[in-house]
Amino acid sequence: MRGKANLQRIVLCVLFLSAGLCTAVPGSVIYVDDDAAGAGNGTSWVEAFADLQDAIAMAQGGDEIRVAQGLYTPTQDPLDRDATFDLKDGVSILGGYAGSAGMYPDFRHTEFFATILSGDIDRNDDSADPNTKEGNSRHVVTCAGPGNAAVLDGVIVTGGYAAGDIRTHNYSDGRGGGVFCRSGAPEFINCVFRDNYSGSGAVYVTGGSRPVFTHCIWQDNYANTGAAICVGRSSYLIRLDYCIFRRNTAGGKGGAIYADIMGEIQMVNCLFVGNTASDSGGAISCRGHIDGTGRSVFNLLNCTFYGNTSPVFDTPPTNSTESPDGSRVYSSGSIITNCIFYNEPSEMAVSIKFGRSEPLIITSIYEKEPESGQPRIVPPAPDVLFANPYGPDGIQGTEDDDFRPAPGSPVIDAGTNETVPKLPPTDLDGNPRILNAIVDIGAYEFTDSF
Ligand SMILES: [Ca+2]
Ligand SMILES: [Ca+2]
Ligand SMILES: [Ca+2]
């Protein structure tokens with residue numbers, strides 16, 4: 001996460017009185033380190049818990065749990081697939097600390113000192129053999145409770161496997177391999193969700209949940225529906241700021257995100273690269289609703305989509321009032337502002353499928369037709385001129401891809417500064433969001449420093 005690895009959060013929480021079962025004072029710091037000698041009480045790095053679950057059990061609202069680099073599973077029982085890290089209201093879990101293995105245990109860098117929350121409870125995962133995931137946790141992390149305001153900051157969530165029950169049609173367990181948000185308003189900061197496998201979403205959101213994701217990455221997740229995030233049929237509000245979705249794959253709809261009716265997703269400064277859906281919506285698929293009620297609303301601001309593919313042709317984002325099948329199109333209320341949707345002409349270009357609804361598109365560049373290479377809206381979409389969309393390794397969808405505008409790009413100073421929501425202070429790189437008086441289109445502002 002470029003330039004943001006040291007992002008710190010101060011979280012003000014309501015402090016709850018405990019039943020006196022806990023020795024910690026609310027607002028205290030609890031330490032966890034898998035290298036700890038054991039028999040610790042969590043009061044220092046020297047006395048750290050080795051098991052994150054011990055710290056969660058002890059924590060009260062207002063507490064901060066600091067987790068050293070290392071691998072943590074929700075259980076030591078290799079057969080307990082229902083064990084999960086259940087986020088607690090008002091408790092912050094912060095990963096990325098050097099811990100006792102470091103000269104300065106409190107030094108924090110979420111990439112150098114990776115804290116991995118893994119669902120590989122049977123400890124046999126082999127990336128070349130998907131069968132090794134079948135014994136993994138159903139949900140590595142869970143957030144429940146209507147008022148839950150938990151924070152998960154600076155961890156990698158991986159190895160969730162919420163798909164095994166699909167074969168028995170027990171979908172209640174086929175959702176949210178990495179994170180299951182049942183309710184509440186959890187906050188995820190600087191988190192990476194990778195290599196999770198599920199029926200619906202590395203992250204599954206339902207039950208009126210209102211999660212916020214900031215500087216998070218979804219990478220190499222697989223699901224039948226919504227490989228990165230899947231939203232169930234319930235009210236919801238999801239905020240995604242400075243997030244990256246890369247190489248996620250859906251066997252059905254929504255290579256990165258699938259949203260059912262009844263909610264809103266707001267995305268600012270996000271990047272979608274190389275996501276694939278076998279059905280509709282290479283990056284995003286949204287279930288439209290014929291009578292215009294119970295709709296899901298996407299509010300996309302300064303997002304960049306590149307190389308997201310799906311074989312199912314989108315409802316063209318034009319001003320027509322009929323969908324291709326002749327049925328009436330109702331406005332979804334979705335607004336796309338200052339965004340880039342781009343594919344090579346040879347690709348099956350469908351980043352977003354809006355179902356029966358159509359978005360309002362403002363100062364954005366929309367991708368080309370897969371067959372003709374012609375732009376899909378008038379005026380014609382020009383070549384965007386990214387700095388280096390395949391990166392030095394020549395492969396699309398890897399970390400070295402560079403989607404900053406190149407000199408002369410038509411996205412430079414071509415956006416609108418009058419946006420809803422308002423423009424954030426910085427772009428995806430952490431540079432000022434507005435340079436040269438007018439915001440650029442896409443997730444990155446042009447600077448001549450690269
Ligand atoms: Ca395993
Ligand atoms: Ca590359
Ligand atoms: Ca500018």
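**Group meeting: a walk through a strand-rich predicted model**

Let's start in the middle: strand 18 (residues 222–225) and strand 22 (residues 249–250) run parallel and are joined by two bridges. Strands here are DSSP runs of E with at least two residues, helices are runs of H or I with at least four, and both are numbered from the N terminus. Two strands count as paired if DSSP finds at least two bridges between them. In this pair, Ala 223 sits opposite Ala 250 of strand 22.

A word on what we are looking at. This is a predicted model, where local features need pLDDT of at least 70, side-chain atom pairs count only at pLDDT 80 or more, and totals for chains, interfaces and linings use all residues. Residues are numbered from 1 along each chain as its sequence is written, while chains are lettered from A and ligands numbered from 1 in the order in which they are written.

How confident is the predictor? The pLDDT, its confidence in each residue from 0 to 100, has a mean of 83 for the protein chain, and 79% of the residues reach 70 or more. Over residues 373–380, however, the pLDDT is below 50, and residues 1–24 also stay under 50. Where pLDDT is low, the predicted coordinates should not be read in detail.

Now the overall make-up. The protein chain has one helix and 35 strands. Strands 18 and 22 belong to an open sheet of five, in the order 10-14-18-22-26, with parallel pairing. Its edge strands are strand 10 (161–162) and strand 26 (276–277), each pairing on one side only.

Another open sheet has nine strands, ordered 3-6-9-13-17-21-25-29-31, and its pairing is parallel too. Strand 3 (70–72) and strand 31 (340–342) each have a single partner strand, so one side of each is left without a neighbour in the sheet. Within this sheet, strand 25 (residues 271–273) pairs with strand 29 (residues 304–306) over three bridges, and Leu 271 faces Thr 304.

There is more parallel pairing to see. Strand 20 (residues 236–241) is joined to strand 24 (residues 263–268) by six bridges, with Leu 237 opposite Glu 264. Strand 24 is in turn joined to strand 28 (residues 296–301) by six bridges, and there Val 268 has Leu 301 as its bridge partner.

What about the inside? Buried residues, meaning those with 20 or more other C-beta atoms within 10 Å of their own (exposed is 12 or fewer, partly exposed is in between, and C-beta atoms are placed from the backbone), make up 54% of the 450 residues. The largest nonpolar core, a set of buried Ala, Val, Leu, Ile, Met, Phe, Trp, Tyr and Cys residues joined through C-beta atoms within 7 Å, has 105 residues, and Val 32, Ile 65 and Ala 228 touch the most other members. Helix 1 (residues 52–58) gives the most to this core, with four residues.

Finally, a few backbone details to look up on screen. Asn 338, in the loop between strand 30 (330–337) and strand 31, has a positive phi near 55°. Asn 338 is buried, because 28 other C-beta atoms lie within 10 Å. Thr 363, in the loop between strand 33 (357–362) and strand 34 (386–388), has phi near 35°. Thr 363 has 18 C-beta neighbours inside 10 Å, so this residue counts as partly exposed. And a cis peptide bond, with omega about 0°, joins Val 420 and Pro 421.

Definitions and conventions:
pLDDT is the predictor's confidence in each residue, from 0 to 100. Two residues are in contact if their C-beta atoms, placed from the backbone, lie within 7 Å.
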